[in-house]
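Reader: Hello! I am new to this structure, and I would love a close look at the part where the two chains touch. Could you walk me through it?

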Amino acid sequence: MTPPLPKFLRPTPPRPGENGRNGDGTTTAPPKPQEQAVEGVASVVGWLDERTGASPFLRGFLYRKVPKGTNWFYTLGSATMFAFLSQAVTGVFLAMYYEPDAPSRAYASAAHITNDVFLGELVRGMHRWGSSVMIILIFLHMGRTFFFGAYKYPRELNWVIGVVLLVLTLMMGLTGYLLPFDQRSFWATVVAVNLNSSGPVIGPYLADFLRAGSEFGPTTISRFYALHMLAVPGLIAALIGAHLYLVAKLGTTAPPWLKAEKKDLLTEEI
Amino acid sequence: MDRRQREQYLREYSILKGQGKPFFPYAIAKDGIMATITILVIILMAVLFGAELGPKADPTTTTYTPRPEWYFFFLFELLRVVKPPELVFLATIGIPTICLMLLLLLPFYDRGPERNPLRRPIATTAGIATIGAMTYLTVLGALAGSPTEIELATKPQYEEGKEITASAGCLGCHKIGENGNTLGPNLTEIGARLGRDAIARTLENPTAPMPSYANYRKTNPEQFDKLVQYVASLKGDE
């Protein structure tokens, strides 16, 4: 089945006589460099496809239909993902300069990034404000899913994955807040970990795990750093993959006020 | 949803989907525009607000009011709503855990076939109420200042202790007279209930989420003593 492409993307068939083609399939002129390039790309794609079998999957993903009536509210999920990608990229650049070794180095390297490194404050600012943007987008995306009833059959599992992603994103906010190691981040994290320790049964153990001991020490920062840049983002990336797989498999929901028309239902049943 | 409703949903959905447009290029174009706006907003905020780096963290001074990132205000402010100390665990762990479970298991107890928000009055009301409550708590958290002055009249021998107390971050959570916040217990009459030793013990080994002042005592023993003397003098009779 050929997907219905918009007009400007459809290739126009060559007129008879154009490009040296005779209209009956025979060619008189040698292929132009442009045509050779197209064929080169095609053969590379063919080579890859023969060895990976990716094209049916990609075609299914790209040309899957999106129900009619989908609107701008449906872009909030992918916008959240792009905010996460922006966090990942800026985070990689920050990790090139940040030193989680000991409290004094952590603060000094954060100050170095902010004051000395080329575009350092911009990248740190993007990472800092990107977290707020990502949190806002993830809540908006969840609100859309909730009010449109999009968590109902057959998409229950994707809702559960989404809630886990929300919790992991909040954990990124919590673990990242300590890393600049200024007064604000230190004392907020002391209170946050104390809040954890007030939990029943596992609370104190969780707090000890986060602090790497019964008090804030030199290893606390490296522990938060490892969680912030390895464990949690790894989990988030994996779960975004699962989330997207289910979206592609189950399809984007139609807006809840749209109903299929009676005549369509009847013809479908025959 | 019973089996018939599930099948009907899948049938209706496949028709609506069949009438739709392909993801590429239509939906992807919208997503791309939205992604561009998102990145531009992030860059704009970074340029406008920069990346503030406060003074270096110092575990020995407690002159800093703990303030979480704004998107945690709603959790932080729950502590204001729950007053009795023996119920604090409800605000810190209990209510958030219950809410999270309700959120996680939503599709398993809300199983009705109706998806239109206007025809799901309970779900829509609950959703709006939740958003309202979270917004209210976030605004409360944003408005709560970190005052560093106590206006309560004091006997001259406690004046210095009052200054120290005011700058030690207590008011970030506690109320003394007309100043301070109501996150923790009101301290205006704390001296009538606790003696000096009990106050010092609490400062060193506080109940969560209050930060410990043990380090402060080690590095600034004199200030710590004056702070304790001032707090113990608060009996509400002035």
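**Where chain A meets chain B**

Author: Happily! In this predicted model, 79 residues of chain A are in contact with 66 residues of chain B; two residues are in contact if their C-beta atoms, placed from the backbone, lie within 7 Å. Several elements give two or more residues to the side of chain A that touches chain B, among them helix 2 (54-63), strand 1 (65-66), helix 3 (76-97) and helix 10 (262-269) of chain A. Helix 5 of chain A provides the largest share of that side, 14 residues. Helices (H or I, at least four residues) and strands (E, at least two) are DSSP runs, numbered from the N terminus. Sorted by class, the side of chain A that touches chain B has 48 nonpolar, 18 polar and 13 charged residues. Here Ala, Val, Leu, Ile, Met, Phe, Trp, Tyr, Cys and Pro count as nonpolar, Asp, Glu, Lys and Arg as charged, and the others, Gly among them, as polar.

A word on conventions: residues are numbered from 1 along each chain as its sequence is written, while chains are lettered from A and ligands numbered from 1 in the order in which they are written. As this is a predicted model, local features need pLDDT of at least 70 and side-chain atom pairs count only at pLDDT 80 or more, whereas totals for chains, interfaces and linings use all residues.

Now look at strand 1 of chain A, which pairs with strand 1 (residues 21-22) of chain B in the antiparallel sense over 2 bridges. Two strands pair if DSSP finds at least two bridges between them. Within this pairing, A:V66 stands opposite B:K21. In chain B you can also find helix 2 (residues 23-49), which holds B:P25, and the peptide bond from B:F24 to B:P25 is cis, with omega near 5 degrees.

Back in chain A, the loop between helix 5 and helix 6 contains A:P154, and a cis peptide bond with omega of about 0 degrees joins A:Y153 and A:P154. The loop between helix 6 and helix 7 of chain A holds A:F181. Although A:F181 is not a glycine, its phi is positive, at about 55 degrees. A:F181 counts as buried because it has 27 C-beta neighbours inside 10 Å; a residue is buried if 20 or more other C-beta atoms lie within 10 Å of its own, exposed if 12 or fewer, and partly exposed in between, with C-beta atoms placed from the backbone.
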